[in-house]
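Me: Please take one part of this model and go through it closely. Then set that part against the rest of the chain.

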Amino acid sequence: MKNSLLVHVGLAILRILPSAFMLTHGFPKLQKLLSGNMEFPNPLGIGSAPSLFLCVVGEFVCPILLIIGFKTRWATIPAAITMAVAAFIVHGSDPFGRKELALLYLTIFVVIFLLGPGKYSIDRK
């Protein structure tokens with residue numbers, strides 16, 4: 001029983017804290033999107049506005065869903081893809097220290113996808 005409690009608390013911490021930290025990256029992009037300033041890198045060749053929109057989804061909308069634990073596994077997919085693009089495309093030629101944060105977030109989102117949200121979420125699995 002105690003071990004199960006620790007697992008679910010650990011899953012909640014793993015889900016909530018990194019997602020809250022991710023919001024600090026996504027909120028400025030949300031403000032940029034809402035202000036109509038579409039100047040943004042275009043790493044996938046789909047245009048600056050769609051790239052900014054997808055980044056806001058991956059760095060702001062999905063972390064909110066992860067914090068509350070709603071559609072958790074689905075929410076990790078755009079967040080993980082955003083971090084993979086950041087690590088391997090945007091910072092692909094940069095030294096490891098520059099892409100390290102994106103790789104850490106990517107790892108966390110993949111682990112949450114694999115393990116699920118835990119008991120302390122709206123999904124409750």
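The part I have in mind is lysine 29, and the reply should start there and then move outward. Which residues does lysine 29 touch, and with which residue does lysine 29 form a salt bridge?

Reply: The model is a predicted one, and every value below was computed from it.

Lysine 29 belongs to helix α1, which covers residues 2–35. Leaving aside residues up to four places away in sequence, lysine 29 touches Phe40, Leu52, Cys55, Val56 and Glu59. The last of these contacts, Glu59, is also the salt-bridge partner: the closest N and O atoms of lysine 29 and glutamate 59 are 2.8 Å apart. A distance within 4 Å is what the rule asks for, and by this rule the count comes to one salt bridge. Because lysine 29 lies in helix α1 and glutamate 59 in helix α2, the pair ties together parts that are 30 residues apart in sequence.

Are the two partners buried or exposed? Lysine 29 has a relative accessible area of 19% and is therefore buried, given that the cut-off is under 20%. Glutamate 59 has 6% and is buried as well.

A second link joins the two helices. Phenylalanine 27 and phenylalanine 60 are one of two aromatic pairs counted. A pair of aromatic rings is described by the distance of the centres and the angle of the planes. For phenylalanine 27 and phenylalanine 60 these are 6.0 Å centre to centre and 40° between the planes, and the pair is tilted. Phenylalanine 27 sits in helix α1 and phenylalanine 60 in helix α2, 33 residues apart, which makes this a link between distant parts of the chain. The two rings fall into separate accessibility classes: phenylalanine 27 is partly exposed at 39%, whereas phenylalanine 60 is buried at 16%.

The other aromatic pair is tyrosine 105 with phenylalanine 109, and this pair is stacked, at 6.2 Å centre to centre and 15° between the planes. Both residues lie in helix α4 (residues 96–115), four residues apart, about one turn of the helix. Tyrosine 105 is buried, with a relative accessible area of 6%, and phenylalanine 109 is buried too, with 1%. Where the pair of phenylalanine 27 and phenylalanine 60 links helix α1 to helix α2, the pair of tyrosine 105 and phenylalanine 109 stays within helix α4.

Helix α2, which carries glutamate 59 and phenylalanine 60, also contains phenylalanine 53. Phenylalanine 53 is partly exposed, at a relative accessible area of 46%, which is over the 30% required of a patch residue. Phenylalanine 53 takes part in a nonpolar surface patch of about 660 Å², made together with Leu44, Ile46, Leu54, Phe88, Ile89 and Val90. Helices α2 (48–68) and α3 (72–90) each supply at least two of the patch residues. Helix α3 gives the most, with three residues.

Helix α3 is also the place of tryptophan 74. At 67% relative accessibility tryptophan 74 counts as exposed, because the cut-off for exposed is over 50%. The C-alpha atom of tryptophan 74 is 7.8 Å from that of phenylalanine 113, although 39 residues separate the two along the chain. Phenylalanine 113 falls in the range of helix α4.

Now the whole chain. The protein has four helices and zero strands, and from the N terminus on the elements run α-α-α-α. The links described above fit a contact pattern in which residues 24 or more positions apart account for 63% of the contacts with a separation of 6 or more. The C-alpha trace spans about 50 × 30 × 20 Å along its principal axes. A compact globule of 125 residues would have a radius of gyration near 14 Å, and the protein has 15 Å, which agrees.

Of the 125 residues, 38% count as buried, and lysine 29 is one that counts as buried, at 19%. The protein exposes about 7300 Å², of which carbon and sulfur atoms supply 71%.

To return to the part asked about: lysine 29 is a buried residue of helix α1, and glutamate 59 is its salt-bridge partner.

Methods:
Residues numbered from 1 in each chain as written. Predicted model: local features only at pLDDT ≥ 70, side-chain atom pairs only at ≥ 80, totals over all residues. Heavy atoms only, no water. Patch = residues over 30% accessible without salt bridge, like charges linked within 9 Å, V, L, I, M, F, W, Y side chains within 5 Å. Areas by Shrake-Rupley, 256 points an atom, 1.4 Å probe, with all protein chains shown as cover. Salt bridge = Lys/Arg side-chain N within 4 Å of Asp/Glu carboxyl O. Buried < 20%, exposed > 50% of the residue type's maximum accessible area, 1.4 Å probe, protein only. Rg over C-alpha atoms; globule rule 2.2 N^0.38 Å. Contact = heavy atoms within 4.5 Å. Phe/Tyr/Trp six-rings, centres within 6.5 Å; stacked < 30°, edge-to-face > 60°.
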